[in-house]
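You asked for a colleague's reading notes to have at hand while going through this structure for the first time. They are set out below as numbered points, each on one part of the chain.

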Amino acid sequence: MYKWCQQNVMHLNLKKCFYITFYLKKQPIQLNYSLGNINLLKYTILEDESALKTLFYSLIRSHFDYALLIWHPYLVTQIQDLNKIQNNFIRFLCYQCFVYRSPPSDYNVTIRFFNMQSLEQRFMQIKSKFLFKLLNNMIDCPELLQNINFKINSINHRFVNLFYIKHSTTNYMRNSPSNISMSTGNSTKNIDFFEI
């Protein structure tokens with residue numbers, strides 16, 4: 001990495017470069033790292049809320065977000081398992097940042113305290129953005145776009161869904177990417193999908 005930076009005339013401030021290790025062993029192997037001829041310092045204390053959240057977002061939540069429309073969790077057990085992962089992190093964050101949380105308390109309060117999103121909110125946001133981009137040709141996928149069905153109401157109704165979702169007899173079809181996208185569009189009332 002150091003050689004690449006030198007070749008591309010990118011100068012690193014080596015005084016601000018640290019390394020961090022993650023391990024599960026009680027007796028991890030200790031290694032020293034260096035850039036150029038300067039040994040890097042080990043970053044040992046992770047009590048900063050923003051640093052912990054950045055690690056969680058980049059190492060864990062990025063896996064939740066990746067290809068969400070394809071693997072969309074729709075079973076209660078799947079959703080609970082994913083929530084357990086985020087809730088474990090919230091408990092750890094409370095412990096590291098000295099935030100008191102009574103054990104049986106609701107995680108949504110703590111999530112709002114740390115200015116984070118629940119997984120349900122995050123998933124809804126990702127699916128809404130995908131549908132918006134698909135409908136506005138920011139994502140070029142005619143195969144998926146042809147499966148989006150608009151609902152045409154013959155008379156004015158008070159509650160109007162934008163998309164028509166065909167009845168599906170299996171969970172697999174009910175949770176296909178196009179049906180998930182249309183269902184998200186119907187449940188999201190505060191987004192104009194056609195205004196760029």
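**Notes on the structure**

1. Ser118 counts as buried, since its relative accessible area is 14% and the cut-off for a buried residue is under 20%. This residue belongs to the loop that joins H5 and H6, and when residues up to four places away in sequence are left out, Ser118 touches Gln86, Asn108 and Ile111. The reader should keep in mind throughout that this is a predicted model.

2. The chain as a whole is divided by its domain assignment into domain 1 (1–42), domain 2 (49–116) and domain 3 (121–187). Between the centres of domain 2 and domain 3, taken over C-alpha atoms, the distance is 27 Å. Where these two domains meet, 11 residues of domain 2 are in contact with 10 residues of domain 3, and the area buried between domain 2 and domain 3 is about 1000 Å², with carbon and sulfur atoms giving 72% of that area.

3. Helix H4 takes in residues 76–96, and its length can be checked against expectation: at 1.5 Å a residue its 21 residues should span 30 Å, and the C-alpha atoms at its ends are indeed 30 Å apart, so the two values agree. The buried residues of H4 are Leu82, Gln86, Asn87, Phe89, Ile90, Leu93, Cys94 and Gln96. What covers these buried residues includes helix H2 (49–65), helix H3 (68–71), helix H5 (107–113) and helix H6 (119–135).

4. Which residues does Leu93 contact, leaving aside its neighbours within four places in sequence? They are Glu49, Leu52, Lys53, Phe114 and Met116. Leu93 lies in helix H4 and counts as buried because its relative accessibility is 0%. By contrast with these contacts, Met10 is 83 residues away from Leu93 along the chain, and the C-alpha atoms of the two are separated by 35 Å.

5. Cys94 is also part of helix H4, and with a relative accessible area of 4% Cys94 is buried. Not counting residues up to four places away in sequence, Cys94 touches Val99, Arg101, Thr110 and Phe114. For one of these partners a separation can be given, as Cys94 and Thr110 are 16 residues apart in sequence and 8.3 Å apart in space, C-alpha to C-alpha.

6. Seen from the other side of that contact, Thr110 lies in helix H5 and counts as buried at 7% relative accessibility. With residues up to four places away in sequence again not counted, Thr110 touches Ile90, Cys94 and Arg101. Two of the residues in that list, Ile90 and Cys94, are among the buried residues of H4.

7. A pair of aromatic rings is described by the distance of the centres and the angle of the planes. The count of aromatic pairs comes to seven. Among them is the pair of Phe113 and Phe114, which is edge-to-face, with 5.1 Å from centre to centre and 80 degrees between the planes. The two residues of this pair are placed in opposite ways with respect to the surface, for Phe113 is exposed, with a relative accessible area of 56%, whereas Phe114 counts as buried at 1% relative accessibility.

8. Elsewhere, Phe56, Tyr57 and Phe89 form one aromatic cluster, and Phe89 is listed with the buried residues of H4. Arg61 lies over the face of Tyr57, at 4.0 Å from the ring centre.

9. Two backbone positions deserve a second look during review. Most residues other than glycine have a negative phi, and most peptide bonds are trans. Phe98, although not a glycine, has a positive phi of about 55 degrees; Phe98 comes just after H4, in the loop between H4 and H5, and is exposed, with a relative accessible area of 71%. Asn115 likewise has a positive phi of about 55 degrees without being a glycine; Asn115 is placed in the loop between H5 and H6, and with a relative accessible area of 66% Asn115 is exposed.

Definitions and conventions: Residues numbered from 1 in each chain as written. Predicted model: local features only at pLDDT ≥ 70, side-chain atom pairs only at ≥ 80, totals over all residues. Heavy atoms only, no water. Phe/Tyr/Trp six-rings, centres within 6.5 Å; stacked < 30°, edge-to-face > 60°. Buried < 20%, exposed > 50% of the residue type's maximum accessible area, 1.4 Å probe, protein only. Lys NZ or Arg CZ within 6 Å of the ring centre and 35° of its normal. Helix = DSSP H or I, 4+ residues; strand = E, 2+ residues; numbered from the N terminus. Expected span 1.5 Å × (residues − 1). Contact = heavy atoms within 4.5 Å. Domains from an automatic or database assignment. Buried area = accessible area lost by both parts, 1.4 Å probe.
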